[in-house]
Amino acid sequence: MKSKKRLSHHRLRYKLWISICAISIGLTIIGCSEPPPKSYRVGVVCGADLFLPLIDGMKSKLTELGFVEGENIVYDIQTFNDDPEGEGRAAAAFVAEEVDLIVSVPTQATVRAHRAIQGTDIPLVFSYVGIEGTGLVQSVPRPGGNVTGVRYPGPEQICKRLELLQAFLPEAKRVWIGYDKNYPTIGPALEALRALAASLDIKLTEAPVTTLEELKRDFEKRARAPDPGMDAIILMPDTLNHSSAGWEAIRTFAKTRNIPVGGSFHYTVEQGALYGNGDEMVAIGELTAPLVGKVLNGIPAGTIPVVSPEQVLTINYDVALDLGISVPQGLLNMASQIIRSPPLLENQ
C-alpha cells in the first residue's frame with residue numbers, strides 16, 4: 001500500500017516537473033522571438049519632376065541599407081511642378097498623418113516643409129537645398145532643429161559656371177541671367193556672382209522676374225532688337241530656369257540667336273547647353289539615403305552633419321562645333337562626360 005502511494009506521489013511530481021518545463025520552454029520561446037519589424041512611413045515633398053531621379057537614387061541606396069519598400073518602409077511621394085503652394089500643403093498633411101520622417105527637395109519645398117514641422121518631433125532630411133540665407137540649419141557640422149540633409153552648393157557652383165564660361169569664351173563680356181527674384185537661393189548666388197563678374201570685367205545683363213510670362217516677355221523684347229544685349233547665357237539656381245517651360249524658353253531663344261548657354265544638370269547639356277557644371281541627381285539621392293537611414297535608426301537629425309556633393313562638368317562638343325567654338329583641351333580633360341555624335345562611316 002505504501003509503495004503504491006509512493007509511486008503515485010512520484011508520478012505527481014513527474015507531471016508537475018513536465019508542466020514546469022513546458023511552461024519554461026514556452027516562455028523562453030516567447031522571449032527569444034523578435035517583435036514584428038517596424039514599417040516606416042516617409043513623406044516626400046518634391047518640387048519638380050526633374051528631381052525624381054534623385055528620389056529613385058535615394059530609394060535604391062536605402063534598399064541596400066536594409067530599408068526595403070513595401071516591407072519595412074513606405075514612401076508617399078508628392079511632386080509639384082506648377083503649384084509651389086502645394087508643397088506647403090503636402091508637408092502639413094504629412095505632419096497631420098504623423099509620418100516617421102519627411103524628405104524634401106529642393107530649396108523652396110524644404111523651406112515650406114521646415115515651417116510645417118515646427119513644434120513637432122517629425123525629422124526633416126532635405127536634399128539639394130541651399131542653406132545660405134534660408135535659416136534652415138545652425139551650421140554644417142551640427143545643423144540642429146531636427147533637420148539635416150544634402151546641401152546645394154549654390155554660390156560656388158554659379159561662380160564656377162561663370163569661370164567656365166570665360167574659359168570657353170574669353171571674349172564674352174555680356175552674360176544674361178534671368179531669375180525668379182523671390183526664390184530662396186537667388187540672393188546668396190547673386191551676391192557671389194556679381195562680385196566675381198566685376199573682378200572678371202564681365203557685365204551681367206539681369207532679368208529679375210517673378211513669372212514665366214515675364215521671362216518670355218524679356219526674350220520677346222530682345223528678339224526684336226538688332227542686338228540682344230548678351231554674348232552668352234548662364235542658368236541661375238531656381239526652379240524657373242529649370243522648369244520645363246522656363247528652360248525651353250531659354251534654350252529656344254539661345255538657339256535662334258546662336259548664343260551659347262552655360263547649363264547645369266546633364267539634361268540641359270543634352271538639350272542644347274554648351275556645357276553644364278552641376279551634380280548628378282542619382283548621386284545626390286545616394287548621398288541622401290544614409291542620412292535618412294541614420295535618422296530612422298534613432299540618431300537625432302540635428303546632430304548629423306550636412307553633406308555637400310561634388311560638381312561634375314559635362315560638355316556638348318556638337319554644340320561647340322555648331323557655334324564655332326574651339327574647346328580648350330584642358331576643359332576636355334576636366335569633363336566627366338563629353339557629348340558628341342558618332343563619326344559617319346565612309347560608306348554613308
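The lining of the second largest cavity in this predicted model sorts into five nonpolar, three polar and one charged residues. The full roster is G130, E132, Y152, G154, P155, P184, T185, P188 and A189. On the level of secondary structure, α5 and α6 (186-199) are the elements that give two or more residues to this wall. The space enclosed there amounts to about 50 Å³.

That void is one of two cavities of 30 Å³ or more in the structure. The largest cavity holds about 180 Å³ of space. Its lining counts 17 residues, and Y128, Y152, P237, D238 and F265 sit closest to the centre. Here the elements with two or more residues in the lining are α5 (154-168) and α8 (239-242). By class, the wall of the largest cavity splits into eight nonpolar, seven polar and two charged residues. A nice detail is that Y152 turns up in both places: it is among the residues closest to the centre of the largest cavity, and it also lines the second largest one. Helix α5 likewise gives two or more residues to the largest cavity and two or more to the second largest.

Moving on to charge pairing, side chains of opposite charge can pair when their charged atoms come close. A sweep of the whole structure turns up 11 salt bridges. One of them joins K59 and E69, with 3.2 Å from N to O. K59 belongs to helix α2 (residues 52-64), while E69 sits in the loop between α2 and β2 (73-79), so this salt bridge ties together parts that are 10 residues apart in sequence. The two ends fare differently in terms of cover: K59 has 17% relative accessibility and therefore counts as buried, whereas E69, at 43%, counts as partly exposed.

Another salt bridge runs between E87 and R112, whose closest N and O atoms are 3.2 Å apart. This one links distant parts of the chain, with E87 in helix α3 (residues 84-97) and R112 in helix α4 (residues 107-117), 25 residues apart. Both ends are tucked away, as E87 and R112 are each buried.

The side chains of R194 and E206 also meet in a salt bridge, at 2.9 Å from N to O. Again the pair links distant parts of the chain: R194 is in helix α6 and E206 in strand β7 (residues 203-209), 12 residues apart. With a relative accessible area of 41%, R194 is partly exposed, and E206, at 27% relative accessibility, also counts as partly exposed. Elsewhere, salt bridges with shared partners join E85, E87 and R112 into one network. Helix α6, home of R194, is also one of the elements that give two or more residues to the lining of the second largest cavity.

As for the overall picture, the protein chain comes to 13 helices and 12 strands. It has 348 residues, 47% of which count as buried. Among contacts with a separation of 6 or more, 70% are between residues 24 or more positions apart. The accessible surface of the chain adds up to about 17,800 Å², and carbon and sulfur atoms account for 54% of that.

Key:
Residues are numbered from 1 along each chain as its sequence is written. This is a predicted model: local features need pLDDT of at least 70, side-chain atom pairs count only at pLDDT 80 or more; totals for chains, interfaces and linings use all residues. Side-chain values use heavy atoms; hydrogens and water are left out. On a 1 Å grid over the protein atoms alone, a cavity is a set of points where a 1.4 Å probe fits but cannot get out, and a pocket is an open set with protein on both sides within 12 Å along at least five of seven lines; lining residues have an atom within 4 Å of a point. Grid points are joined across faces, edges and corners, and a volume is the space filled by probe spheres set on the points. Helices (H or I, at least four residues) and strands (E, at least two) are DSSP runs, numbered from the N terminus. Ala, Val, Leu, Ile, Met, Phe, Trp, Tyr, Cys and Pro count as nonpolar, Asp, Glu, Lys and Arg as charged, and the others, Gly among them, as polar. A salt bridge is a side-chain nitrogen of Lys or Arg within 4 Å of a carboxyl oxygen of Asp or Glu. Buried means under 20% relative accessible area, exposed over 50%, partly exposed in between (1.4 Å probe, protein chains only). Contact means heavy atoms within 4.5 Å. Accessible areas come from the Shrake-Rupley method with a 1.4 Å probe; for residues, only the protein chains shown count as cover.
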